[in-house]
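I opened the structure to look up how its strands pair and how two of its helices pack. My entries follow.

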Amino acid sequence: MLRFGILSTAKIGRELVVPAMQDAENCVVTAIASRDLSKARAMADRFSVPHAFGSYEDMLASDTIDAVYIPLPTAQHVEWTIRAADAGKHVLCEKPIALKASDIDQLIAARDRNGVLVSEAFMVTYTPVWRKVRALLAEGAIGRLRHVQGVFTYFNRDPGNMRNIPELGGGGLPDIGVYPAIATRFATGTEPLKVQAVVERDAEFGTDIYSSVKADFGTFELSFYVSTQMANRQSMVFHGTEGFIEVRSPFNADRWGAEEVELSNQSHNQSQVFRFQDSRQYRREAEAFARAALGGDRSDVVSLESSRANQRFIDAIYRAGEKDGWETV
C-alpha cells in the first residue's frame, strides 16, 4: 500500500481525491497537513486518517507517508512539489503543475536527483471514456481525423476564489484550458505545431476569462474555447472522413451528465453509444500512480515530459493572444 499525505485541506481533496484514495485498492491516506492544525485534525477525523500535522514541513519530514498529494493554489505547486521530492516523497500534484513550461524543468531535475515519481493529476487520462476515444481513433473508426472541437466553460465571479486571483495562478487557461489540450494530445498521440488565439481578461480581476483557440497539429486542427464567465458546458468532438466521435461529460465525469462516447458513421444514419456507468476517475488516477510508485510501469501515468509539452501549448496560447497570426508552440 502506498501511504499518501495530503498537503492542505483544499476542497478538491476533501470532496473528490481523498475519498477516492481511501476507496482504492493499493493506496491509503495516512496523514493530513494544514497550516491550521485544527483544520487538519477535522479532516483527518472525517476520513479516519491517523495523523494530522500543523505544518507542511512536519508532514514531509514524517515517516508515516510515502507520497504527497498537492492541491494547493497553482502558484505554490512548483515550490512544494520540489520540497516534497527533496524530502524523498513521490508527488501527485494537481493541475496545472506549473504556470510556465520552463518551470517544469526544475521539477524534472528534482524528480531525477531524488529518484521519485512526480506526476500531474490529469484524471481524464485514466478514464475508460478517454481510453475508448484513443482506441477508436487508433483503429481508424472515423477514417482520417480532420478536426477536433472542444469547449469547457463555467461561471464564477467570486473575487475570493483562487481562480480569479492572478497572484495565486488564477485564470481560465490554467484551470480548464489545459483539459482540451491534454485530452487531444492523449487521444491522438500528436503534438500541436502552432496556434492562433483570442484571449480576453477581466477588467477587475486581471485573469483570462475567455479564450478561443485554433491549433494546427499537422494532420488535423483543434479548435476550442474556454471561459470562466459563461454558462456551464463541456464537449469534445473528433471529426473524421468516415465519421465522428462525440464525448459527453468529457472532463468532469459523472458530474456534468452521462459518461458516454458516441461513434457516428459518415452518413450520420448509424451510431454506437458506449456508456460508462461509473469511471471513478480519481480512484483510477490514485491506483495508477500507486502502482507506478511501488515499482510498476510508469508509462501509465502522466509524465513530467508530457506536462511540459502541455504547458508549452498553454504558454503559446497566451503569446498568440497578444498578436495577430500564428504562434509556434
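I count two strands as paired if DSSP finds at least two bridges between them. Helices (H or I, at least four residues) and strands (E, at least two) are DSSP runs, numbered from the N terminus. The model is predicted, so I note that local features need pLDDT of at least 70, side-chain atom pairs count only at pLDDT 80 or more, and totals for chains, interfaces and linings use all residues. Residues are numbered from 1 along each chain as its sequence is written, and side-chain values use heavy atoms, without hydrogens and water.

Entry: the hairpin. I looked up strand S8 (residues 194-201) and strand S9 (residues 208-216), and found them antiparallel, joined by eight bridges. Val-199 has Ser-211 of S9 as its bridge partner. Six residues lie between S8 and S9 in this hairpin, and Gly-206 in the turn has a positive phi of about 85°. S8 also pairs with strand S15 (residues 327-328), antiparallel, over two bridges. There, Lys-194 is the bridge partner of Thr-328 in S15.

Entry: strand S5. Is S5 (residues 90-94) mostly covered or mostly open? I found five of its five residues buried (under 20% relative accessible area, 1.4 Å probe, protein chains only). His-90, Leu-92 and Glu-94 point one way, Val-91 and Cys-93 the other. In a regular strand, side chains alternate between the two faces of the sheet. Strand S4 (residues 67-70) pairs with S5 in the parallel sense over four bridges, and Tyr-69 stands opposite Leu-92.

Methods. Buried < 20%, exposed > 50% of the residue type's maximum accessible area, 1.4 Å probe, protein only.
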